[in-house]
Amino acid sequence: MRNILITGGAGFIGSHVVRLFVRKYPECRIINLDALTYAGNPANLADIEHRPNYCFERADIADFDTICRIFRQYDIDAVIHLAAESHVDRSIKEPFTFARTNVLGTLSLLQAARQFWNGHWENKLFYHISTDEVYGSLHPQDAAFTELSPYTPHSPYSASKAGSDHFVRAFQDTYGLPTIITNCSNNYGPYQFPEKLIPLTINNICHNIPIPVYGSGENVRDWLYVEDHARAIDLIFHKGTIGSTYNIGGGNEWRNIDLIRVVIATTDRLLGRAPGSSEPLITYVADRAGHDLRYAIDATKLQQELGWRPTLQFEEGIEKTIRWYLSNSDWLQNVTSGAYRQYYAEQYARR
Ligand code: NAD
Ligand code: DAU
């Protein structure tokens, strides 16, 4: 029996990783550790929360004593660390929160793992989930980021993720803690919080609310369907080389404005609206401060070393995603109204 601690499992990507591991590895105990910030929603895991190999711990990763207690209580063998403050716009408004969770929280998990495993590294792994944003921004003519690209973060979010990556490497190099880091491009799919571009656009189309396009709309992001990311994490967790970094990405670059137009066309069609009827919702607004122009990931190492490939074409993934949001309007309504927070606050207060 392996006891796998997954942090941030009530969030967007974490919920897909927890679901995959709980279903695929019934012989393993999956402990989901999540503070349930605004971004954490246990409803994301309603379909697997009663499985016997699933446990939930509401805790803050920066609370070192509690993290140590969880390592002892569950005899943790491996960590897949996703918990983070993840939204760039919020990091511009509240950088301290990002430094606390992303840097100090990661340090607290590393230190707990180091103390608990105490040099017995066999079959142990600390797997840190990071982002392509640590590499900074590309010009249109530049080659995609590789694992050797220098770190040049620009936002408080990416600076905090870069800081956490550096601590992970420092623990590998200084103490021998077995670690892996992956840096992934933009994810999309079900359960993404509607502050992020794609679910925000879908939600605004549904309610005829203006769609804010930052700056000129020409910024480029490289999009990957979230379940393909979860499959990559599973593969790297089991087969990746200790001490390595892997880039994860689907080679799927879109200018924001073109992506928004695809989401509008698909959503209008699925809603039975006339083609282009939501185009007037497009509203150019002030640019994001320090807005990175372009991200693009070169995932050759992962493809050649471990044979990973994304399974979904973008057209298929985006339609699947939009269909999910349209048929889960209760989830979207609960999240946008904040009702889910009240409900879980009461549930946990009763425990
Ligand atoms: P998310 O915001 O949807 O979820 C984050 C989760 O972490 C939430 O459940 C939240 O409650 C939890 N959390 C936040 N602070 C915590 C704390 N102090 N203690 C415990 N739990 C806490 O984020 P996401 O988009 O699912 O991203 C997950 C991870 O993947 C992050 O580390 C992010 O940097 C990384 N990542 C995200 C993307 C993307 O496109 N979303 C791409 C690459 C990497
Ligand atoms: O690249 C990986 C990163 O992708 C992750 O590490 C982050 O956690 C994740 O949030 C995401 O960051 P981005 O800033 O790229 O994602 P976001 O959805 O916020 O924005 C995507 C692009 O769309 C970006 O260029 C800003 C723009 N945008 C965003 C919003 C929310 C708009 O034009 N309008 C908007 O309303």
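**Notebook: the two ligand sites**

I began with ligand 2 in this predicted model and listed its surroundings: 23 residues surround the ligand, and the closest are Thr 131, Asp 132, Tyr 157, Arg 288 and His 291.

Next I looked up polar contacts to oxygen atoms of ligand 2. For Asp 132, I noted 2.5 Å between a side-chain N or O atom and an oxygen atom of the ligand. For His 291, the entry reads 2.7 Å, again from a side-chain N or O atom to a ligand 2 oxygen. Glu 133 places a polar side-chain atom 2.8 Å from an oxygen atom of ligand 2. I then checked how far the protein covers this ligand: ligand 2 alone exposes 690 Å², of which the protein buries 94%.

Which elements supply at least two residues each to the shell around ligand 2? I found helix 6, residues 197-206, and strand 8, residues 211-214. Strand 8 gives the largest share, with three residues. Sorted by class, I have nine nonpolar, eight polar and six charged residues in the shell of ligand 2.

I moved on to ligand 1. My list has 28 residues surrounding it, with Ile 13, Asp 34, Ser 86, Tyr 157 and Lys 161 as the closest. Tyr 157 had already appeared among the closest residues to ligand 2, and I marked its place in the ligand 1 list too.

For ligand 1 I recorded three polar contacts to protein backbone atoms. A nitrogen atom of the ligand lies 3.1 Å from a backbone N or O atom of Ala 35. At Thr 37, a polar backbone atom is 3.0 Å from an oxygen atom of ligand 1. At Ile 61, I noted 3.0 Å between a polar backbone atom and a nitrogen atom of the ligand. On cover, ligand 1 taken alone exposes 830 Å², and the protein buries 96% of that area.

I then asked which elements give two or more residues to the shell around ligand 1. The entries are helix 1 (12-24), strand 5 (125-131), helix 5 (156-175) and strand 7 (186-188). Which of these supplies the largest share? I have strand 5 down for that, with three residues.

My last lookup was the class count for ligand 1: its shell has 14 nonpolar, 11 polar and three charged residues. I set this beside the ligand 2 shell, where I had counted six charged residues along with nine nonpolar and eight polar ones.

How values were computed. Residues are numbered from 1 along each chain as its sequence is written. Chains are lettered from A and ligands numbered from 1 in the order in which they are written. This is a predicted model: local features need pLDDT of at least 70, side-chain atom pairs count only at pLDDT 80 or more; totals for chains, interfaces and linings use all residues. Side-chain values use heavy atoms; hydrogens and water are left out. A residue is near a molecule or strand if one of its heavy atoms lies within 4 Å of it. A polar contact is a pair of N or O atoms within 3.5 Å; within protein, one must be able to donate a hydrogen and the other to accept it, and residues adjacent in sequence count only if both atoms are side-chain atoms. Accessible areas come from the Shrake-Rupley method with a 1.4 Å probe; for residues, only the protein chains shown count as cover. Helices (H or I, at least four residues) and strands (E, at least two) are DSSP runs, numbered from the N terminus. Ala, Val, Leu, Ile, Met, Phe, Trp, Tyr, Cys and Pro count as nonpolar, Asp, Glu, Lys and Arg as charged, and the others, Gly among them, as polar.
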